[in-house]
Amino acid sequence: MNSFPSPMNVLKLKAVPNENPKENVKRETVDLGNGSDVVYIQRLIPSDQSWKWFQYLDKLIPWTRPNIRVFGKSFLQPRETCYVATPGLTELTYSGYQPDAFSWDDYPPLKDMLEAVHNALPGSSFNSLLLNRYNGGNDYVGWHSDGEKLYGPTPEIASLTFGCERDFVLKKKPCKKSCDGSDEPASKRLKKGSLDADQHTFRLKHGSLLVMRGHTQRDWIHSVPKRAKAEGTRINLTFRRVF
């Protein structure tokens, strides 16, 4: 896929040595501070396998575009979705919408994708999956954090991408008071300082995996913004553990 320039800061990642020699993947990470970090694997799934899984997901998943409520207003969600979870878990609700949960056995290839993610993240144990399909650059997800109680205080969230490359943007939540102890408003501090440390953009490639860990949901918000030049379809699988 073509890579398009972004008006936002594109984060330059520092490679971290792979602790598992059996993994033939290049693992990169960035420390966001205060117990938050992001791991990015640019090519977790080989290209041929990625396209096979993309075709399966695109054609066989029962996609829906529900009505959601944001700031008291109802509108059509700007992307299609599907939810899969292990039976017996706490039900997911977001923006006034409660999706019906399919089981992993309903779509067996999803278990292979889950296994690939688990193999890349030793010690992880995901039991739910929210799928999203972006049909072109006008589909998006706005600023939010995944701080629901059912994910626990420090959720690990793994995002697997197939298809069209899209920007994934992280932005630090402003402190109500200065994090350095002063009483200067957050808006003034942002104008005075560089935004580079407070906003990062990752270009998520076909077959890539991005993982948010630690206190990222407490301290940061994220989005997949509209992109006029993103004409293709992107399918995103977001794995989480529900407690």
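**Exercise 1. Which residues of E6 are buried on one side, and which on the other?**

Before solving, note that this is a predicted model, in which local features need pLDDT of at least 70 and side-chain atom pairs count only at pLDDT 80 or more, while totals for chains, interfaces and linings use all residues. Residues are numbered from 1 along each chain as its sequence is written, and side-chain values use heavy atoms, with hydrogens and water left out.

*Solution.* Begin with the terms: strands (E, at least two residues) and helices (H or I, at least four) are DSSP runs numbered from the N terminus, and buried means under 20% relative accessible area, exposed over 50%, and partly exposed in between, with a 1.4 Å probe and protein chains only. In a regular strand the side chains alternate between the two faces of the sheet. On one side of E6, Glu-80, Cys-82 and Val-84 are buried, and on the other side Thr-81, Tyr-83 and Ala-85 are buried, which leaves both faces covered. Because 6 of the 6 residues of E6 are buried, this strand is largely enclosed by the rest of the structure.

**Exercise 2. Find the strands that pair with E6, and give the sense of each pairing.**

*Solution.* Two strands pair if DSSP finds at least two bridges between them. The first step is E8, which pairs with E6 in the antiparallel sense over 6 bridges; here Glu-80 stands opposite Arg-133 in E8. The next step is E7 (residues 101-102), which pairs with E6 in the parallel sense over 2 bridges, and in E7 the bridge partner of Tyr-83 is Ala-101.

**Exercise 3. Describe the surroundings of Gln-77.**

*Solution.* Locate Gln-77 in the loop between strand E5 (73-76) and strand E6 (80-85). Its relative accessibility is 0%, so Gln-77 counts as buried. Its side chain is joined to that of Tyr-94 by a polar contact of 2.9 Å, where a polar contact is a pair of N or O atoms within 3.5 Å; within protein, one must be able to donate a hydrogen and the other to accept it, and residues adjacent in sequence count only if both atoms are side-chain atoms.

**Exercise 4. Work out which strands stand at the edges of the open sheet of 4 strands.**

*Solution.* Write down the order, E9-E14-E11-E12, with antiparallel pairing. Strand E9 (141-144) and strand E12 (199-204) each have a single partner strand, so they stand at the edges and one side of each is left without a neighbour in the sheet. Within the sheet, E11 (residues 166-172) and E14 (residues 220-224) run antiparallel and are joined by 4 bridges, and Lys-172 has Trp-220 in E14 as its bridge partner.

**Exercise 5. Trace the pairings of strand E13 with E3 and E10.**

*Solution.* Strand E13 (residues 209-214) pairs with strand E3 (residues 36-41) in the antiparallel sense over 6 bridges, and the bridge partner of Tyr-40 in E13 is Leu-210. E10 also pairs with E13 in the antiparallel sense, over 4 bridges, with Met-212 in E13 as the bridge partner of Ile-157.

**Exercise 6. Place Leu-44 and decide whether this residue is buried or exposed.**

*Solution.* Leu-44 lies in the loop between E3 and helix H1 (47-60). With a relative accessible area of 13%, Leu-44 is buried. As a last step, compare chain and space: Leu-44 and His-206 are 162 residues apart along the chain, and their C-alpha atoms are separated by 9.1 Å.
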